[in-house]
Amino acid sequence: MEEAPLPSEQGNDGECSTSQRGTDAAAAVSDDQNGISVGRKEFVAPAVGMEFESYDDAYNYYNCYAKEAGFRVRVKNSWFKRNSREKYGAVLCCSSQGFKRIKDVNRLRKETRTGCPAMIRMRIVDSKRWRVLEVMLEHNHLLGLKSYRTIKKMSAGTKRKSQSTADAEERTIKLYRALVIDAGGNGNQSIGENEAGSLSDHLNHLNLKKGDTQAMYNYFCRMQLTNPNFYYLMDLTDEGNLRNLFWADARSRAACVYFGDVIYFDTTFLSNKYEIPLVAFVGVNHHGQSILLGCGLLAGETMESYTWVFKAWSSCMSGCSPQTITTDRCKILHGAIKEVFPRCHHRFGLSHIMRKVPEKLGGLNNYDAIRRVLNKAVYESLKVSEFETAWGAMAQRFGVGDHEWLRALYEDRVIWAPVYLKDTFFAGMSAARPGESLNAFFDKYVHKQTPLKEFLDKYELALQKKHREEALADNDSRNSSHGLKTRCSFELQLSKIYTRDIFKKFQFEVEEMYSCLSTTQLYVDGPVIIFLVKERVSGEGSRREIRDYEVLYNRAAAEVRCICSCFNFYGYLCRHALCVLNFNGVEEIPSKYILPRWKKDYKRLHIPDPGPGDAGTADRMQWLNQLYRSALQIIEEGAISLDHYRAALQTFEDALNRVHQVEEKKE
């Protein structure tokens, strides 16, 4: 007899991977060979969005879960295609579901059914996997021992010789978007003297607490259903334990298209041994605000984990390779970045290094004097020779030439000292001036003992706050004029182009042109002229001093470069370069020094005409991604106020009508 068809359900394929590829998260029922008894395994509760390789895998998962919970399973309904008789839907329920039929009431057999509502409804989707569409977890009766036998209706295609219970428990279930975890976390077995060889394996996975995996799973399932472009990857050990994890929501993936050129890879919580081993990919948007470009949880500070998460991020971002990555000072990180992003400029964060000065040097005699000399060498050296001379003098004067930390720091100087990094673009994430720092993206939301479940709640709050700040800044930059403070043409020029926050930073440079005392020509080499700009700056205490800055100018090539390298560090021209342009009668900043990433309308990218002919799959994916990014901008700004919401809603309705008109014209 034919069953009624299941309601249609359009899928939303996310990504989930083992260490090999980005589509599978294998959850294994443990076997005794792993040294962990089956009784120690706890199955994640079923939830909407789970996917399985086959019907049998789905059934076996629910069966194992039921055994752990203490109830039996039976197949309530199955749906088959009319022609092929291929199963495409099913409802699995608790054996206590429903009641006896009227004709069976008078039989002597005791009534065992209670009308229990616990069930899962699933069907096969476009990806040919079985997806859970509906879940009821609550039972209306007491649950029994975890040794129930299961009632299973076997179809003709799945009937086979019965296997022993042990065999069934040992077979691997390919379970998408779910994990199997140990009852106390990822295995807390005690390690005796004879088990020392397994110590590395024990540490080679995330030390999750009970409930952490369920919290992660619930969050990921919810995001897959509500966030169409949400992406995550899992890296599992051979034993099925979660080793590394990466995820990025739709906004992060869209933002990477615009602002993925400069990345700060934040390992603060991992390296400082926080409760959650969190790492974050952080960028900077067109307002100079920090934005999240992806997150991860890593088993440890190892080459394997770092390499995996970089590859995961690159895969998520369609092969994106950043121009510059800043990290904490770490040789392992340096090696992983060189392997995954060989063309990327990797730099150690200056603020991280300077923050460790009190810890590393605080016990030395003359610490205060050493710190002052070190700061002067780092922040005020304009030439490599100046830095190296100042460092050598410090080492000799205070007898710290053999200090281990300082010696290692000097060996790495070309990766962190600003004087060596003038050709590296940082987009404001260099922290090259005293007092500037790169702060952890979740700094105000995570403390040393924050549990993972609590962090997932705070994670969403943090992102909501950041998204609202960006939407408000977009609205402010677009709808209000920037107040001018001088009569300089450069200020007027960029006031019409840049976002408010970036313009204010540039405006300060324009104002500080008046602290530059003179601009004089030093020498000429063909079309290139070297100028000397003298500026009065603050010295130690309240003392003022004069400092010289050399500026290269090439009128033919419209090129101006200052020795302070403000443009590469911060993304806009410095006061010294502006003085040279002004000295040479230039009234507008050359276009090469007006970066698109700071423009008010930067995210409204022009899409080139693909030309005639049918579009290929790659083109359609590109269109889909661009349409999503464009719609996301309307969504973000549409949530600012009720008026914005109404305008955004009307825009979508108008756009949809116009799209429908295209189809009508074809007809």
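Which elements each supply at least two residues of the lining of the largest cavity? They are α5 (250–259), β15, α15 (452–479) and α20 (617–638). The legends below take up this cavity and other parts of the predicted model.

**Figure 1. The whole chain, a predicted model with 21 helices and 21 strands.** The chain has 667 residues, and buried residues make up 48% of them. Its accessible surface comes to about 34500 Å². Carbon and sulfur atoms account for 50% of that surface. Contacts between residues at least 6 apart in sequence were also sorted by separation. Of these, 64% join residues at least 24 apart.

**Figure 2. The largest cavity, with a volume of about 210 Å³.** The lining holds 20 residues. Closest to the centre are Arg 251, Ala 255, Glu 470, Lys 603 and Glu 636. Helix α5 gives the largest share of the lining, 6 residues. Strand β15 and the helices α15 and α20 also supply at least two residues each. By class, the lining divides into 9 nonpolar, 4 polar and 7 charged residues. A search of the whole structure finds 4 cavities of 30 Å³ or more.

**Figure 3. The second largest cavity, with a volume of about 80 Å³.** Its lining is made of 14 residues. Leu 350, Trp 416, Leu 421, Phe 426 and Ser 430 are the closest to its centre. The lining has 10 nonpolar residues, 3 polar and 1 charged.

**Figure 4. Strand β14, covered on both faces.** β14 spans residues 278–284, and 7 of its 7 residues are buried. In a regular strand the side chains alternate between the two faces of the sheet. On one side of β14 are Leu 278, Ala 280, Val 282 and Val 284. On the other are Val 279, Phe 281 and Gly 283. The residues named on both sides are all buried.

**Figure 5. The antiparallel partners of β14, strands β13 and β15.** β13 covers residues 262–266 and pairs with β14 over 3 bridges. Within this pairing, Phe 265 has Phe 281 of β14 as its bridge partner. β15 covers residues 290–297 and is joined to β14 by 6 bridges. Here Ala 280 stands opposite Cys 295 of β15. Ala 280 and Phe 281 lie on opposite sides of β14.

**Figure 6. The hairpin formed by β14 and β15.** There are 5 residues between the two strands. Gly 288 sits in the turn. The phi of Gly 288 is positive, about 80°. The strands on either side of the turn run antiparallel. β15 also supplies at least two residues of the lining of the largest cavity, the one shown in Figure 2.

**Figure 7. Ile 276, in the loop between α6 and β14.** Helix α6 spans residues 268–271. Is Ile 276 buried or exposed? Its relative accessibility is 3%, so Ile 276 counts as buried; the cut-off for buried is under 20%. Beyond neighbours within four places in sequence, Ile 276 is in contact with Phe 269, Val 446, Thr 450, Pro 451, Leu 452 and Phe 455. Leu 452 is 176 residues from Ile 276 along the chain. The C-alpha atoms of Ile 276 and Leu 452 are separated by 6.1 Å.

Definitions and conventions:
Residues are numbered from 1 along each chain as its sequence is written. This is a predicted model: local features need pLDDT of at least 70, side-chain atom pairs count only at pLDDT 80 or more; totals for chains, interfaces and linings use all residues. Side-chain values use heavy atoms; hydrogens and water are left out. Buried means under 20% relative accessible area, exposed over 50%, partly exposed in between (1.4 Å probe, protein chains only). Helices (H or I, at least four residues) and strands (E, at least two) are DSSP runs, numbered from the N terminus. Two strands pair if DSSP finds at least two bridges between them. On a 1 Å grid over the protein atoms alone, a cavity is a set of points where a 1.4 Å probe fits but cannot get out, and a pocket is an open set with protein on both sides within 12 Å along at least five of seven lines; lining residues have an atom within 4 Å of a point. Grid points are joined across faces, edges and corners, and a volume is the space filled by probe spheres set on the points. Ala, Val, Leu, Ile, Met, Phe, Trp, Tyr, Cys and Pro count as nonpolar, Asp, Glu, Lys and Arg as charged, and the others, Gly among them, as polar. Contact means heavy atoms within 4.5 Å. Accessible areas come from the Shrake-Rupley method with a 1.4 Å probe; for residues, only the protein chains shown count as cover.
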